[in-house]
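Work through the exercises below with the model open. Each task is followed by a stepwise solution.

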Amino acid sequence: MKTEAQPSTSLLANTSWTGTVISDTVPGSQTWEDKGPFTWSAASGTSEAQVSAARVAEAKAWEAHVFEAQARASQPKQISVLEAATASILKQKSTYEKVQMTEKKESEVLLARPFWSSKAEYILAQVGFSMKPSCLWRFAHLWLNSGGCSFAAIYIFMLFLVGIPLVFLEMAAGQSMRQGGTGVWKIIAPWIGGVGYSSFMVCFILGLYFNVVNSWIIFYMSQSFQFPVPWEKCPLTMNSSGFDPACEQTAPSIHFWYRQTLKASDRIEDGGSPVYSLVLPFCVCWCLVGAFMINGLKSTGKISDVYNVSVWSVAGGQVLFNTGIGLGSVASLASYMPQSNNCLSDAFLVSVINLLTLLIVTSFNFSVLGFWATIITHRCCERNAEILLKLINLGKLPPDARPPLDLLDNPTSIYNTWFNGLPQHIKSMVLREVTECNIETQFLKASEGPKFVFLSFVEAMSFLPLSVFWSFIFFLMLLTMGLSSAIGIMQGIVTPLQDNFSFFRKHTKLLIVGLFLLMFACGLFFTQPSGSHFIKLLSNHWIVFPIIVIAIFETMAVSWAYGARRFLADLTILLGHPISPIYGWLWPCVCPVVLLILFVTVMVRLCMKPITYMSWDSSTSKEVLRLYPPWALLLMITLFAIVIFPIPAYFVYCLIHRIPFRPKSRDRPITASTSLSLSHQLTPSKEVQKEEILQGDETKYPSTSHVTS
């Protein structure tokens, strides 16, 4: 930082070698000024006359030093008088050691944040966060059961109408304000600042059970080294005299999922201790996520369904969850990018990559499921033929019901051709004894939620040659995606804590280790036998509500409190090019209305249709559809009220302390800094000043006091 001394006849007020502030009384003259909290007290017991005389003498000495410094200006390696004076002051360590930086000055200093080492790493981090494994199987299941191509068309429409504008909004807010999910909204709209705390709490709850899904993946991965894989055949009994009778009553993959992986309880009311076979994988997941985060940023149908409101609400909720809106992680990740970064193109790029990945993976899923449905249907036809032959030999069916004997070439085609040619009365007799085998019907039986992967997909992989190899590769891919999403979720928790507490900024590793130990201990609740039922309750029915509410308040903060046009104007200055005015219409008009309608439709759908879950009935070894108990709905309402409570609470806090609804600065862009605007922070001189203040130049300025002109 440069400081130029100019000759002047002005007296220097408030100056002494034991003082803190040196300034000129004449406008235009240079000053060395510490407007912050760094203060040094003058010697006590000195009368005002003595102090005044001392100041006049020191002012004359100062001017003499200035002329002397100008005379030596041409000589190399000479330090300025100002630097010498600064050094002499700073040497008095015994007097200055107790000087403390106030919260205001500290907030300014902590504006500078580390940057991503490359744009590619940042984009991959955003994509990794948004591409959650659950999004892949849920998107494919919704495509199958919510209108097919109509659902896909509605999803794409909602993505461009609401998803991309909201992703752009969060990226722009985090990047321009250089703050995480909690601080950015308090700067943009003080009265709506509580929305950041709501995002933090939703992120925390999501993080508690998200790694449980990753622990299931690790458990399956560890079991895939066996040959054959354990979900391909039923396990033997204790004396190896035969297969497990409970498994023989159902499919091996279903038995392995419920009885060996989850050890699931029959009802959600039946708790128990954590499943010990999942505790170690759960711990491994948290260790991996913690290691990556400690390493820093570098490691991180029918056409009529178009008019179905339920399809629109499902597609809209899926868009919000897939893009990660409302969790604070998008803003937190963006806060580590330079303010001049083109966040609009980033929002489009991340969203399009997300969409293309979903479409490609869904096509792959349908191909595998088609193979799975074909094999299952072939086996169904062969099993039906064996049963019918036994019944005919026993005399329970007439000889006309005898199936074709040769089913080896194409069992499904041969069996169905024979079955469709039977007289109606014979066909009815056959259907009373065996089930109908149909590829399309079997294809639509693909399970919902995690079972889509751990039942249908896993069973399909077991039919492939080298099933052990393909199973390991498949679960390794899922684990990579799951860990990337978990890191993004945890970034939405760690960054706000570091932004609000200086202790956590200084001890990042301690924060991460302590936070992960806490979340590991709390997350063990979801590894108990009934834990999967709670996970389904939260992920399928609860989380969409706080996300929609948070997104509504975020759009209100930018559009109505700060002003959409003003926000776009600020971004235009930062990015160096104009932004389409369509966002000035989407943010204040379209997005809040669409989100409000989405909230109402989801609420109505939840109230009109009872919420259910699929559980395991140990007495019959079958899956049973059960209703959630009334206290489960009460739990959802309570959690929703808890995470939304910070929004009205912070609103009341602002009213009590008379904090204005809109930011104070109306004629210039606001920033996280109290002294520099966004555009001013981009000038090279200011950037250099901030970097020197933060990193410290021990040879010239061991202190963080400012030198301004």
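A residue is called buried when its relative accessible area is under 20%, exposed when over 50%, and partly exposed in between. The model is predicted.

**Exercise 1. Decide how straight helix α24 is, and how well covered.**

Solution.
1. Take the length. α24 covers residues 544-575, which is 32 residues.
2. Compare the spans. A straight helix at 1.5 Å a residue would reach 46 Å, but the end C-alpha atoms of α24 are only 33 Å apart.
3. Look for a bend. α24 has a kink of about 95 degrees, centred on Tyr562.
4. Check the cover. Of the 32 residues in α24, 25 are buried, so the helix is mostly covered under the 20% cut-off.
5. Step past the end. Gly576, just after α24, has a positive phi of about 85 degrees.

**Exercise 2. Repeat the test on helix α19.**

Solution.
1. Take the expected span. The twelve residues of α19 (451-462) should span 16 Å at 1.5 Å a residue.
2. Compare with the model. The end C-alpha atoms of α19 are 15 Å apart, which agrees.
3. Count the buried residues. Twelve of the twelve are buried, so α19 is largely enclosed by the rest of the structure.
4. Read the names. The buried residues of α19 include Lys451 and Glu459, as well as Phe452, Phe454 and Phe457.

**Exercise 3. Map the nonpolar cores.**

Solution.
1. Start with the general trend. Nonpolar side chains in soluble globular proteins tend to be buried together.
2. Find the hubs. The largest nonpolar core has 170 residues, and Phe168, Ile188, Phe475 and Trp587 touch the most other members.
3. Ask which helix gives the largest share of this core. It is α24, with 18 residues.
4. Look for another core. A second, separate one has 17 residues, among them Cys380, Ala385, Ile392 and Ile426.

**Exercise 4. Locate the nonpolar patch on the surface.**

Solution.
1. List the members. They are Phe160, Phe348, Val352, Leu356 and Ile360.
2. Add the area. Together they have about 430 Å² of accessible area.
3. Assign them to helices. Four residues, the largest share, come from α15 (residues 343-393). Phe160 lies in α7 (residues 149-177).
4. Recall helix geometry. An α-helix has 3.6 residues a turn, so residues three or four places apart point the same way.
5. Classify Phe160. Its relative accessibility is 39%, so Phe160 counts as partly exposed.

**Exercise 5. Find the salt bridge and describe its two ends.**

Solution.
1. Count. The total is one salt bridge.
2. Name the partners. Lys119 pairs with Asp346, and their closest N and O atoms are 3.0 Å apart.
3. Compare the ends. Lys119 is partly exposed, at 35% relative accessible area, whereas Asp346 is buried, at 2%.

**Exercise 6. Buried or exposed: classify Arg178 and Arg658, which both have positive phi.**

Solution.
1. Read the angles. Phi is near 55 degrees in Arg178, and near 55 degrees in Arg658.
2. Place them. Arg178 is in the loop between α7 and α8 (183-188). Arg658 is in the loop between α27 (646-656) and α28 (678-681).
3. Apply the cut-offs. Arg178 has a relative accessible area of 8%, so it is buried. Arg658 reaches 76% and counts as exposed.

**Exercise 7. Summarise the whole chain.**

Solution.
1. Count elements. The protein chain has 29 helices and four strands.
2. Give the buried share. It is 51% of the 709 residues.
3. Give the surface. The accessible surface is about 33300 Å², and 63% of it belongs to carbon and sulfur atoms.

Key: Residues numbered from 1 in each chain as written. Predicted model: local features only at pLDDT ≥ 70, side-chain atom pairs only at ≥ 80, totals over all residues. Heavy atoms only, no water. Helix = DSSP H or I, 4+ residues; strand = E, 2+ residues; numbered from the N terminus. Expected span 1.5 Å × (residues − 1). Bend = angle between axes of the 7 residues up to and from the residue. Buried < 20%, exposed > 50% of the residue type's maximum accessible area, 1.4 Å probe, protein only. Core = buried A, V, L, I, M, F, W, Y, C linked by side-chain atoms within 4.5 Å. Patch = residues over 30% accessible without salt bridge, like charges linked within 9 Å, V, L, I, M, F, W, Y side chains within 5 Å. Areas by Shrake-Rupley, 256 points an atom, 1.4 Å probe, with all protein chains shown as cover. Salt bridge = Lys/Arg side-chain N within 4 Å of Asp/Glu carboxyl O.
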